[in-house]
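Please look through the structure shown here before reading the report, and keep the sequence at hand while you go from one heading to the next.

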Amino acid sequence: MIEDAEERGEERFTQPFDVCVIGAGPAGITLARRLGAAGFHVGLFEAGGFELTADSQDVYRGSNTGVPAYYPLDGCRLRYFGGTSNHWGGWTRPLDAWDFTPNPHNALSGWPIGKADLDPYAEEAATILDLTPDRPPPDLLGGTKADLLPRLFRFSRPATRFGEKYRGELEASKTVDVFLNANLVDMRLDADGRNIAEAVFRSYRRPEPFSVRARLFALCLGGLENPRALLNANGERPAGIGNEHDLVGRYFLEHPHAPVGRIVTRDPLTWMVVYSPTPALMREKGVLNFGLRIGNFDQWNAPDFTGALQAEPPCTTDFDALLQAAIDGSAPPCPAHVGDVFVACEQELSADNRVRLIDERDRFGLRRIALHWSVSALDLKTLATAAAEVASRFAERDRGRMQIIEWLRKGESPTPDRIWGGNHHMGTTRMSGDARHGVVDADCRIHSVGNLYCGGSSVFATSGHANPTYTIVELALRLGDHLQARLR
Amino acid sequence: MRYRRLRAGRHVTQRVLVSRRSLLAWAAALPFAAHAASAPDLAPGALEMHDGWVLRPGDRARLKLR
C-alpha cells in the first residue's frame with residue numbers, strides 16, 4: 001500500500017518492520033520489491049510525494065566549494081517518488097571485471113567483491129530497467145592486436161521512471177508499505193550503541209516527528225544524501241554514524257565527460273561505437289578506465305536514442321575527399337563518415353573530493369551539504385590518452401583519421417564548456433573490506449553498525465566509466481538477498 | 001517552470017578547476033608523442049599530427065594541408 005505520512009494515525013508505527021528502506025529511488029524501490037516478494041514486511045519511506053514540489057526539492061539545496069562549481073545540488077537529482085530516475089537519461093552498461101580489481105595508478109582502488117558477485121543479477125536488472133537487447137558491440141577497428149575493446153551501451157527506452165513503473169505494484173502490495181512525505185531527520189542507536197534502534201521522520205505540515213523501528217535499516221538516498229544523513233545523525237556519535245575514520249562523504253566520484261575530437265571513417269557510422277582499454281593498456285599508459293564514444297552528439301543526446309545512428313544514403317565520395325573536407329572545415333559530403341568523439345572516464349579516488357556538512361540548515365533543522373569536486377591530473381591524462389590511443393589506432397589501421405581537440409592536445413585548462421560531470425554521484429560511503437578505507441563492507445553494511453546498510457552508488461569503491469544505474473540495481477538485488485538471509 | 005526543466009533532464013554546465021601544478025603534470029604527460037613512437041603497425045614515429053589530425057605517412061602528399 002502507499003500512504004501519505006501527513007495523514008498517519010497515532011498508532012501507525014507501533015509495530016516494527018522487518019526492514020526499513022529509506023528512499024524510494026531505483027535502489028530503494030528495487031530493494032523493497034525484492035524483500036517484499038520474499039514475504040518480508042518492508043516500510044519504504046520517501047521524502048517527496050508523487051510529484052516534484054518546491055518544498056521537497058529545496059531540501060537538496062547546498063553549496064559547491066570546488067571552484068568553479070559543480071552542478072547546483074538541487075538541480076542534479078530529484079526528491080520525489082521514483083527519485084532521480086525521474087530525469088534519468090537511460091544509458092547503461094555493467095562495470096568491467098577489472099573495475100573491481102586494484103589499479104596501481106589509483107590508490108585505494110579495488111572492491112571487496114568481484115563482477116562475478118553481481119553477474120547473477122544482470123538479467124533481472126536488465127528487465128527492471130527495460131533495456132534494449134544485448135548484441136555484439138560494433139567495431140570499426142577490427143584486427144587481432146585489440147588493446148582497445150569495442151563496448152556496448154544498452155538503453156532504457158523510454159527511460160524507466162521507477163515511481164511510475166512500480167506505483168501500481170506497490171499500491172497493491174501486501175508486504176511493502178510505502179510512506180510518502182516522510183523525511184528522515186535522525187537515526188538513533190540502541191543502548192549498547194551497536195545497532196540502529198529507530199529512524200525518526202517528519203512530514204512537511206505536521207511538526208511532531210514519528211519513529212520507525214525495524215530489524216534492519218537501509219539508506220537508499222543517493223550518493224550525496226546518504227553521507228548527509230549519516231553525518232547529521234550525530235546525537236550519539238558526534239562525528240556521525242559510520243564516520244569513525246572520517247570517511248563518510250569522502251572519495252566522491254563522478255565521470256568526467258569531455259568532447260575530445262572528431263573523426264572521418266572509411267566505413268559509414270551506422271551505430272554509436274565505443275572503445276575501452278584493456279587492463280594491459282591501462283597499466284602500460286598509467287591511466288584509468290574510459291569509454292570513448294564515436295557517433296553524433298546531437299543524436300545520442302536524443303531521448304529515443306538506442307545506439308543506431310541516422311541512416312544516410314550510400315556514400316559515393318572517396319575517403320580522401322571526405323578527409324580533405326573535414327580538414328578544411330567544410331560541410332561533410334557524407335555525414336555518415338564524420339563523427340563526434342566523446343569520452344567519459346573513470347575518476348581518480350581523492351579524499352578531497354567530498355561531501356561535508358555546512359552550517360546552513362534545511363526546514364527540518366538538518367545541516368545542508370557542500371560538495372567539493374575537481375578533476376585530477378590523472379583524470380585529464382586518461383581523457384587525453386583515450387583520444388590519442390583511438391586516433392592512433394584509426395590512422396595505423398587506415399580505418400579513419402581523427403582530430404584531437406585543441407585544448408586537450410595543448411594541455412590547456414579544462415574550462416566549463418570542455419569538461420563536465422554526468423550527474424553520477426558515487427563513492428561517498430565507499431565499499432571496502434577494511435574499515436579504515438571504506439564506510440561499508442562487502443555486504444553494504446556500515447562497518448560499525450550491525451543493522452544499517454547503504455544502497456545505491458554511494459557504495460561504489462571505484463567508478464569505472466560505465467553509467468551507474470545498472471550497477472545500482474544489481475547491488476540492490478544482491479543486498480536484498482543478503483538481508484533475506486539475515487532475516488531468516 | 002524551473003522544476004519542469006529539471007524533469008526534462010536538461011543539463012547544467014558546470015566548471016572544473018585543476019591546480020596549476022596538476023595541469024602542468026598532466027600536460028607533460030600528454031601521451032600522443034610517446035604513443036606515436038611505439039605504434040605497433042608502423043615504423044616508429046611514422047604517424048604525424050597536423051592541426052590535431054593524426055595522419056599516416058603519405059597523407060601529407062595527398063592532402064592539402066594549411
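The report below goes through the nonpolar cores, a small sheet, one arginine and the cysteines of this predicted model.

## The nonpolar cores

The largest nonpolar core of the model has 142 residues, and those with the most contacts inside it are A:Phe45, A:Met187, A:Phe201, A:Ile294 and A:Leu452. The largest share of this core comes from helix H10 of chain A, which spans residues 377–396 and supplies ten residues.

One of the residues named above, A:Ile294, can serve as an example of how such a residue is surrounded. Leaving aside residues up to four places away in sequence, A:Ile294 touches several residues, among them A:Ile263, A:Leu269, A:Trp271, A:Met272, A:Val273 and A:Tyr275. The residues that A:Ile294 touches also include A:Trp300, A:Asp340, A:Val341, A:Val390 and A:Phe394. Apart from this, there is a second, separate core of eleven residues, which includes A:Leu323 and A:Ala326 from chain A as well as B:Leu55 and B:Leu63 from chain B.

## A sheet of three strands

In chain A, three strands form an open sheet in the order S9-S10-S11, and their pairing is antiparallel. Because S9 and S11 of chain A stand at the edges and each has a single partner strand, one side of each is left without a neighbour in the sheet. From one strand to the next, the twist averages 30°.

Strand S9 of chain A, residues 183–189, is joined to S10(A) by six bridges, and within this pair A:Leu189 stands opposite A:Ile196. The two strands form a hairpin with six residues between them, and in the turn A:Gly193 has a positive phi of about 75°. On the S11 side, three bridges join S10(A) to strand S11 of chain A, residues 210–212, and here A:Val200 of S10(A) is found opposite A:Ser211. Strand S10 of chain A, which covers residues 196–202, is mostly covered, since five of its seven residues are buried.

## A buried arginine

A:Arg8 is placed in the loop between strand S1 (2–4) and strand S2 (17–22) of chain A. Is this residue buried or exposed? Its relative accessible area is 9%, and therefore A:Arg8 is buried, as the cut-off for this word is under 20%.

The side chain of A:Arg8 has a polar atom that lies 2.8 Å from the backbone oxygen of A:Ala5. Not counting residues up to four places away in sequence, A:Arg8 touches A:Phe13, A:Ser203, A:Arg206, A:Glu208 and A:Phe210. Of these, A:Phe210 belongs to strand S11 of chain A, which runs over residues 210–212.

## Cysteines without disulfides

How many disulfides are counted over all chains? The count comes to zero, where a disulfide would need two cysteine sulfur atoms within 2.5 Å.

Two cysteines show why a bond is not found. The sulfur of A:Cys76 has its closest cysteine sulfur in A:Cys220, and because the distance is 18 Å, this pair is too far apart for a bond. For A:Cys454 the closest cysteine sulfur is that of A:Cys444, which is 7.8 Å away and therefore also too far for a bond. As for their surroundings, A:Cys76 is buried with a relative accessible area of 1%, and A:Cys454 counts as buried at 0% relative accessibility.

Technical notes:
Residues are numbered from 1 along each chain as its sequence is written. Chains are lettered from A and ligands numbered from 1 in the order in which they are written. This is a predicted model: local features need pLDDT of at least 70, side-chain atom pairs count only at pLDDT 80 or more; totals for chains, interfaces and linings use all residues. Side-chain values use heavy atoms; hydrogens and water are left out. A nonpolar core is a set of buried Ala, Val, Leu, Ile, Met, Phe, Trp, Tyr and Cys residues joined through side-chain atoms within 4.5 Å. Buried means under 20% relative accessible area, exposed over 50%, partly exposed in between (1.4 Å probe, protein chains only). Helices (H or I, at least four residues) and strands (E, at least two) are DSSP runs, numbered from the N terminus. Contact means heavy atoms within 4.5 Å. A polar contact is a pair of N or O atoms within 3.5 Å; within protein, one must be able to donate a hydrogen and the other to accept it, and residues adjacent in sequence count only if both atoms are side-chain atoms. Two strands pair if DSSP finds at least two bridges between them. Axes are lines fitted to C-alpha atoms, for helices over the stretch in contact, and angles run from 0 to 180 degrees between N-to-C directions.
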